Structures are given as C-alpha cells and as structure tokens.
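Visitor: I am new here. Could you walk me through this one and tell me how the terms are earned?
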Amino acid sequence: MTSSAAETEALLDVRGLTVGFTDVDRSSVTLLRGVDLAVHRGEIVALVGESGCGKTLTTRAVLGLLPTPPLAVRGGEIHFEGIDLLAADGDAWQELRGRAMTLVPQHPLSSLNPVFTVGEQFFDLLSFQGQASLGPVGYWRPRLDRATRARHRAATIEALKSVSLPDPEGLIERYPAELSGGMCQRVLIAMALLSNPRLIIADEPGTALDVTIEAQINRLLLTKVREQGAAMLYITHDLGIARELSDRVFVMYAGSVVETGRTGDVFARPRHPYTRGLLDAVPRLSSAPIKGIRGVLPDPKTLGSGCAFRFRCDYAIAACAARTPPLSQLSGLHASACLRAEEITL
Amino acid sequence: MTSIAPSAPLDDEPHSVAVGLGTRAWASLRNSPLTVIGFLVCLGLVVMAAFAPWIAPFPEDAGAVVKFHQRLQPPSAEHWFGTDLVGRDVLSRIVMGSRISLATAVAVIVAAALIGVPLGVIAAYRGGWTGASIMRINEVFLAIPSLVFVLVVTSLMRPSLPVTIFAIALAWWTWYARLAYGEVLSLKEEQFVDAARTSGASDLRIAFGEILPNLTSVLIVKTTLDLGYVILLGASLGFLGLGPQPPAPEWGTMVAEGREQLPDAWWLTTFPGLAVFAAVVGFNLFGDGLNDILGGRD
Amino acid sequence: MTVVLRLDRVSKVFGSGRGWFGRSRRPDVRAVSEVSLTLETGGRVGLVGESGSGKTTTARLILGLTRASAGRIELAGRDVTALTPEDEGHIHRSAQIVFQDPLSSLNPKKSVQQIVMLPLIAQKIGTTNERLERVKELLDQVGLPQRYRNSLPDRLSGGQRQRVGIARALAINPQLLVLDEPTASLDVSVQARVLALLDDLQRSLGIAQIMVSHNLGVIRHVADKVAVMYLGRIVEQGSTAQIFSAPAHPYTQALFSAIPVIDPSERASLPQRPEVKGEVTSAAHIPNGCAFHPRCTSARAECSNVVPQLKAIADGHQVSCHLYP
C-alpha cells in the first residue's frame with residue numbers, strides 16, 4: 001500500500017479492513033474485503049464508489065459506528081493518530097468522536113434534533129465537549145451561569161458567521177424545521193468545525209440538496225477545511241465532485257479499494273478497468289459519447305475469491321478468478337488492484 | 001443530438017441471491033421457540049377440530065346424554081378431565097367444543113374482513129365525503145366496547161350460534177376497515193398507483209387489483225391474532241349465557257355450568273378455561289411470529 | 001412533422017382551499033406559470049430545473065394526473081385541458097410515463113409480466129395470447145432477459161427495474177413518452193446504459209420524449225431541445241446546442257457553473273458565472289418581478305418589479321431576462 005510508504009505517519013490509517021455478517025441461513029457474507037485507506041494531515045481525500053461498494057460502511061467503521069451485531073469486524077486495523085480504533089473503549093471514543101474526528105452527515109434535515117433550537121444544540125455541544133456524561137449539576141450549571149451562557153452564545157454566533165449564515169443572532173432562536181436543507185447543512189458544518197478537528201468526514205453532504213446549493217456547500221466545506229488545516233475524507237458517488245474537491249482519491253468497488261492516487265493522475269490516466277468504466281459513464285457537458293458498464297454489482301455471497309470486477313470487465317483473464325489482486329503500487333502514489341494494470345492500456 | 005455508444009449486449013445476472021421467504025421463515029422459527037409453540041398449539045387445535053369425533057373418547061357426550069352412574073367423577077385414567085353433572089366426559093366435550101370455537105372464530109373473521117376490508121379500501125382510496133362518512137360510521141361502532149355491543153345485539157335476539165357470529169362480526173369489521181384504511185392511505189401515494197392510472201386502469205382495478213394484493217401480509221397477521229381474541233369473546237358470551245345454548249359443548253358455556261360446582265368439582269371449570277387460554281395464547285404467539293416473518297422486509 | 005404535444009400558457013395553482021369555519025387560508029402555491037411548449041413526432045425535449053421549478057408538475061399535467069388551472073393542453077391532436085373521462089382515455093392511449101423511482105413505481109406484488117401487461121389489460125388491447133406475445137417482444141426491446149418474466153420487482157437490480165418501467169410505458173405504443181428523472185436513482189454505470197436504451201428506442205420507434213431532469217449532463221445526451229425552468233416558469237429555451245454552447249439566462253449559467261465536471265477543460269468552454277446567492281424561494285412565496293432576481297448577481301431595479309417575458313435572442317433560442325433587450 002502506497003500511503004504507508006509516505007514519509008509522514010498517516011492521520012487515519014485503515015489496513016485490510018474486513019467486515020461481514022452471518023445471514024439468517026447461516027451463510028457468511030463479507031461486505032468489506034480488506035479495505036486499505038489512508039488520510040494524511042491537512043489532506044483532502046475523496047472516497048468514490050457506486051451504491052453497495054462499501055464506502056458508507058468504511059466510514060461507519062472509522063467512526064466506530066458499525067452496528068455490531070449483526071455486523072462484525074473480521075480483520076484489519078484502523079489507526080487514528082496512532083490510536084488503535086478497533087480496540088478503543090468508550091472513554092477513548094469520547095475524546096475522538098465529535099472532537100478530533102467529526103462528521104458532516106448526508107441528510108441535513110434529519111441530522112438536527114427537531115425539538116431544540118439551533119442555539120440549544122450548540123450549547124449542548126459546547127458544554128458536553130469531551131465528557132461522557134455531565135450529570136444534572138454539569139447539565140444545569142452552565143445553563144444557570146450568566147458568564148458561560150454569554151460565552152457560549154458568542155461562540156455560537158461566531159461559528160454560524162463563519163459558515164456565512166445570515167442573521168446568526170436570529171438563527172440561534174430558530175428550530176431546524178424553520179431552516180432549509182442548505183441552511184441545516186451549514187449549521188452542521190459549523191458544528192463539525194467547532195472543535196477544530198483534525199479529520200472531518202463528509203458523507204455525501206450535498207446529495208440531498210439541489211445542485212446549486214450542493215455547489216455552495218462543497219465550496220464552503222473546502223474553504224473552511226483548508227482554513228483550519230484539517231484533513232477531510234469526502235465520501236461521494238459523484239466523480240465530478242471528487243475531481244474538483246480532492247487531492248487524492250480512493251475508488252471502491254464491491255467492498256475493496258480498486259484504485260488510488262493523486263486525483264489528477266487517476267482521472268487523467270486510470271489504471272483499473274472499473275475506474276475507466278466509471279469515467280466513461282459520466283455524462284459530459286460536451287457531446288462526448290458515454291458508455292455504461294455491462295452487468296450488475298455481484299452479490300457478496302456469490303463473489304468467492306478473485307477480482308470482484310472480473311464479471312463485468314472487458315480485460316478479464318483466467319488468472320483474475322484465481323486470487324484477489326492486492327492494491328499494488330504503479331508509480332508514486334498511484335496504485336491499482338488490477339492484475340493486468342501494467343500490460344493493458346485503458 | 002449527441003451520439004451514445006451502442007449499449008453493450010445484456011447479460012445481467014440476478015441482482016441478488018436474496019434469502020427466500022421459506023428460508024427466512026425457517027430461520028425466524030428457529031430463533032423464536034415461542035412462535036413454534038404458538039404454531040404447534042394452533043395446529044393442534046385445527047387437527048382437534050377437524051377430527052373431533054375420532055379423537056374424543058366419547059363423542060356422543062357432546063349432546064344431551066345422561067350417564068348418571070358416573071356423574072361428577074374427578075379426573076381418572078378413563079376420564080382424563082373428569083365427568084360433569086350428568087356424567088358426560090369433559091375431555092370429549094372440550095374436543096367437540098373446539099369445533100364450535102374455531103367455526104365461530106373463522107366465520108366471524110371472514111365476515112368481518114369481507115365487510116371491513118372493502119369499506120376501508122374504498123374509504124381510503126376515494127377519500128372525500130365517501131371516505132369521511134365510512135370512517136365516521138366506523139368510529140361510532142368503535143366507540144362502543146365490543147362486548148357491550150355484542151351483549152346488546154344478542155339480547156335482542158334468541159341466543160344461538162349464528163346470532164353470536166352475526167353479533168361479533170358486526171362489532172369486528174371496524175378493525176378491518178381501519179387496518180385497510182391506514183394501509184391504503186399510504187399505499188395510494190406509491191408511484192405504482194400513478195403508473196396504473198396512466199396505464200388507463202379504472203379506479204376499481206387500481207383499488208382492488210393493484211393495491212389490495214399489498215395488504216395480504218398484514219391481513220394474514222391480523223387474522224391470526226384475531227382468531228384468539230374472537231375465541232375469547234365467543235367464550236365470554238357463552239359464559240354469560242348469550243352464546244350457543246346447552247347442551248352445546250361451548251367452552252364458555254361449560255365454564256359457566258361448572259361454576260356452581262366450585263370448589264369441589266374444579267375440573268368442570270379449569271379444563272374448558274385452559275382450552276380457551278391455550279387457544280388465545282397459541283394464536284397470539286403464532287400471529288406475532290408471522291408478523292416477524294411476513295412483515296420483516298429488508 | 002406533426003405536433004404531438006402543445007402546451008399553451010399552461011398554469012397550475014395548488015390552492016389550500018378554505019378550511020372549515022372559514023379558517024385563514026395558507027397561500028396558494030403557483031407550481032407552474034404560463035408554460036408553453038411544443039413537441040413534434042420524434043422530438044426530444046429536456047425540462048431542466050431544481051426542486052420547486054415545476055418540472056414534475058408539468059409532467060403530471062401532460063399525463064392528466066392533475067388538472068391545469070389555466071391555459072390549454074393539446075395532446076396528439078385533441079384538446080385535453082378539460083380532462084373529461086374521454087380526454088383521460090385519449091391521454092392514456094397517447095402518452096405514457098417512466099417514473100423516477102423504479103422500485104416505488106412497480107407494484108411489489110406483481111410479476112414483471114403482470115406489470116408490463118397492465119396497460120394492455122386496462123385498455124382492453126388484444127387477446128391474452130397477443131398480450132403475452134407483446135410482453136415477450138417488449139422485454140426483448142428493453143433488453144431484459146425473458147427469464148425475469150415471473151420475477152417480482154424486489155428481485156431485480158435498479159437498472160433492470162427501470163427497464164421494466166420503460167417496457168410498461170411502451171406497451172401501448174404511445175406517441176409521447178414522459179421521462180421523470182428516470183436515471184436519478186441509478187448509479188452512473190447503470191444510468192449510461194439506460195440512457196443508451198432510451199436513445200436506441202427513440203431511433204427505432206421515433207416516439208416523442210420529454211425528459212425531466214436536474215442533471216444537465218443527462219439532458220445533453222437525450223434531448224435536442226432544452227427548456228430551463230425556475231419557480232414554475234420557463235426562463236430559457238432553445239436547441240441543446242444553443243443552450244450548451246451559449247447559455248444566456250443568469251440562472252442557466254449558474255446551473256452550469258454549479259455542475260462538477262470530471263474534465264476541467266469542459267468548464268473552460270462555458271461562460272464563467274459567480275455562484276448564485278442564497279437558495280430557491282418556496283413556490284408559495286414567489287418573488288415579484290423576475291423570480292430569480294433575489295439570487296441573481298446581475299439583478300437591476302426593474303428585475304424586482306417587472307416579470308420578464310420570453311424573447312428570442314437567436315433563431316429558436318428564447319430567454320426571459322431583462323438583461324437581453
């Protein structure tokens with residue numbers, strides 16, 4: 001894996017992550033088949049893939065939010081700033097999640113609590129920071145203390161201003177239902193940035209929004225993350241967004257990373273037939289023809305060993321069914337999990 | 001006009017080898033012993049009713065037989081559940097009585113579903129005044145507790161099995177109407193309804209040909225759960241003397257008759273009571289299990 | 001070329017009506033305002049817009065799923081505005097729709113064969129054997145293997161489901177096919193193949209198509225005319241080439257600059273436009289004058305007072321904006 005060869009230690013380092021579950025008929029189903037992924041400090045990384053590729057599952061695992069059971073981590077490691085996340089306990093997560101590592105969710109409207117005002121939600125966030133439980137005293141003390149209230153209010157207004165929300169003073173008193181999807185997403189971005197996190201995980205933050213709003217949100221996210229010098233892992237199915245936003249890209253298919261490299265390199269010279277297929281399928285604004293990928297995503301139950309893409313691949317040979325090709329370095333940061341990456345021209 | 005590369009020949013494999021209903025049913029039975037118990041009790045009850053004359057040791061005891069020489073005998077090897085005031089075998093009467101309970105329950109539910117489901121479907125699908133009127137009438141029926149309602153109806157007519165069935169069905173259709181109403185209200189927002197409309201399908205075809213089949217799962221579950229409740233209600237009526245009249249071996253009637261012999265001849269009330277209990281619990285457990293199997297999509 | 005569809009200043013207002021006891025009414029929602037559109041045999045129009053633009057309501061108006069508040073709708077040579085039962089019959093015989101969500105638009109309790117056959121049964125076309133034969137032919141046409149005939153929709157993939165939806169729409173040989181974001185819920189690799197199928201069908205059958213979408217890239221590949229809608233009005237329309245080479249309305253330009261592209265050189269050929277301000281206003285509170293003026297970076301005084309009319313700026317290219325005299 002290329003990232004391990006990089007000079008600095010990765011901020012987030014996922015290696016060989018394997019996740020599966022046991023189906024009701026007692027058959028074992030593997031959903032993530034050894035995911036390798038690394039994010040370095042201050043870097044913007046896109047994780048691209050179609051539905052069912054495991055990108056959301058990977059994010060859940062990194063955030064320690066996998067529903068176990070039914071799911072189970074069957075192998076691999078996840079390290080964040082050197083901490084083994086798979087072994088982390090509740091206290092360790094309390095320090096990390098929501099502080100060092102924050103999430104900008106996919107559905108802005110359902111990600112804010114509808115019964116509290118924007119101000120109250122910030123207040124909780126500010127007083128809970130890094131504590132598992134406050135107890136009744138810890139809950140009421142900041143609420144009754146005028147100085148704390150004023151300080152939190154000022155911090156909230158500052159945060160709302162920083163994401164270009166108009167009239168932050170008025171916004172504090174409003175309920176999420178009174179805000180549009182775009183505004184909710186700005187509020188959530190402000191919340192995610194509040195603790196000066198080292199890593200921001202953005203899970204398709206614009207998919208639920210209109211195109212013009214999505215563009216605004218992405219631009220805002222990019223500016224803020226760069227400003228704070230944080231790293232961002234941006235999950236998306238939209239290749240265009242990945243192209244415009246990220247420094248480095250990981251392409252996932254059927255539960256594993258099939259290609260990674262600098263975004264410009266991967267888009268200009270893809271080295272995995274799946275990446276090529278995806279790029280050819282995106283409708284262009286020019287009149288360039290588009291072409292889909294034949295077949296459908298294989299069922300994880302029937303996948304067996306070998307390259308998961310071989311059923312749909314024009315370049316597949318007998319060897320592709322024999323074993324799962326590892327992600328192997330081609331040049332610099334560029335790596336592809338295709339046996340024939342060196343010999344075929346895509 | 002832009003050009004699009006010709007579509008590749010199609011060789012779509014099946015999207016998934018999704019676990020079939022049979023496998024899912026089996027898995028959920030295995031994980032839930034209560035469902036299995038419920039199923040076995042229900043199966044036992046149905047078999048008992050179907051083959052009652054062959055199962056009952058003294059099938060003739062279901063009727064107006066008098067065997068004074070063996071009256072009020074406690075449970076023994078010959079009479080497992082003892083004998084009653086006139087010497088009839090209690091076990092035989094319970095076995096024969098299962099036919100009455102089950103027949104009542106099935107008849108009531110079929111009638112209630114046949115009245116309630118179409119009314120609920122129409123009310124939800126048409127909406128407007130039609131829907132409002134149906135649902136208001138429904139609420140009037142619903143406002144009266146079913147036992148009270150049935151008591152009033154049966155007291156107006158001479159108590160008998162058909163009257164019991166008629167009375168309970170008249171109280172029970174409201175639940176089916178409400179269930180269908182709620183389900184159709186959400187189903188009619190599905191795009192396949194618009195698709196049927198643009199296909200030129202009539203309202204009747206859309207409501208009953210397209211939407212109704214989507215109600216089967218909830219109806220099966222509801223029906224199973226209800227079989228238990230209706231058996232209980234039927235027994236309550238029998239107990240109050242408003243059900244099938246003696247000598248019919250109705251379980252509730254038997255409990256009522258035996259009540260006077262308490263505490264000495266405890267078997268006269270205990271065993272018919274246990275039969276009612278087993279039936280209610282059995283259908284309930286089985287219905288809950290079915291709900292998990294049929295309703296558990298995804 | 002015969003005209004298949006003609007919309008003449010069609011509007012749709014959803015009123016909330018007066019409540020019981022004369023409760024105060026909520027404001028009416030103007031979903032569609034004075035939309036005019038003409039479509040000829042074999043023509044393909046793309047309706048582009050974001051949420052609240054009225055593009056889906058326009059599609060529903062064409063199919064008679066909702067009644068127009070004003071204007072005139074002519075479909076396959078008949079005025080169907082009044083939506084009498086005869087009009088509805090005529091619509092069902094002439095126009096069909098492919099919905100956005102392939103799962104919700106297929107009855108989960110019906111097999112592929114039953115779903116595709118429904119229009120034939122409902123409209124009493126052919127004998128049972130002829131219908132079965134037609135289903136076979138349709139499945140071939142949309143590229144769905146015959147072995148799926150008895151499958152329920154939940155056993156199919158998203159792309160396969162949408163093929164079933166297309167087969168159903170084609171069953172009665174309609175003159176007009178309305179496509180309501182047919183690929184919005186599909187992955188790109190599948191989307192490309194469904195678009196290719198639509199393209200093949202258009203070439204072989206010559207059915208007129210209206211494609212509703214928010215995705216300009218998709219529209220580019222399936223339409224020869226484009227109408228851009230904003231808050232219920234068409235703000236710009238023209239040939240696909242005109243719209244994609246020289247978008248004129250500030251909103252169209254904003255849409256183009258909001259689209260992320262995988263090839264940066266594509267962006268260079270488009271007019272650069274600063275990002276739009278704020279968000280789409282609710283259709284219940286449409287701003288006075290040009291509905292886009294609160295978000296427009298080039299708005300002038302008159303933009304907030306006078307509703308701009310569609311004016312030709314080139315042959316077949318119309319725009320409703322005060323910036324164009």
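Guide: We take the contact between two chains, then a sheet in one of them. Keep in mind that the model is predicted.

Visitor: What makes the residues of chain C and chain A part of a contact?
Guide: The cut-off is heavy atoms within 4.5 Å. The contact takes 39 residues from chain C and 38 residues from chain A.

Visitor: How is the size of an interface often given?
Guide: Often as the accessible area lost when the parts come together. Between chain C and chain A, about 3,100 Å² is buried. Carbon and sulfur atoms give 57% of that area.

Visitor: How many salt bridges does the rule find across this interface?
Guide: It finds 0 between chain C and chain A. A pair would need a side-chain nitrogen of Lys or Arg within 4 Å of a carboxyl oxygen of Asp or Glu. Polar contact is another matter: 12 residue pairs qualify, both residues at pLDDT 80 or more.

Visitor: Which element gives the largest share of chain C's side?
Guide: α6(C), with 7 residues. That side divides into 19 nonpolar, 9 polar and 11 charged residues.

Visitor: Now the sheet. Why are β2 and β5 of chain A called edge strands?
Guide: Because each pairs on one side only. The order is β2-β1-β4-β5, an open sheet with antiparallel pairing.

Visitor: How do you know that β4(A) and β5(A) pair?
Guide: Pairing needs at least two bridges. Here 2 bridges join them, so they pair. His79(A) stands opposite Asp84(A) in β5(A).

Visitor: What packs on the sheet?
Guide: Helix α2 of chain A, residues 55-62. Helix α2 touches β1, β2 and β4 of chain A, and its direction makes about 70 degrees with that of β2(A).

Conventions
Residues are numbered from 1 along each chain as its sequence is written. Chains are lettered from A and ligands numbered from 1 in the order in which they are written. Side-chain values use heavy atoms; hydrogens and water are left out. Buried area is the accessible area (1.4 Å probe) that two parts lose on being put together, summed over both. A polar contact is a pair of N or O atoms within 3.5 Å; within protein, one must be able to donate a hydrogen and the other to accept it, and residues adjacent in sequence count only if both atoms are side-chain atoms. Helices (H or I, at least four residues) and strands (E, at least two) are DSSP runs, numbered from the N terminus. Ala, Val, Leu, Ile, Met, Phe, Trp, Tyr, Cys and Pro count as nonpolar, Asp, Glu, Lys and Arg as charged, and the others, Gly among them, as polar. Axes are lines fitted to C-alpha atoms, for helices over the stretch in contact, and angles run from 0 to 180 degrees between N-to-C directions.
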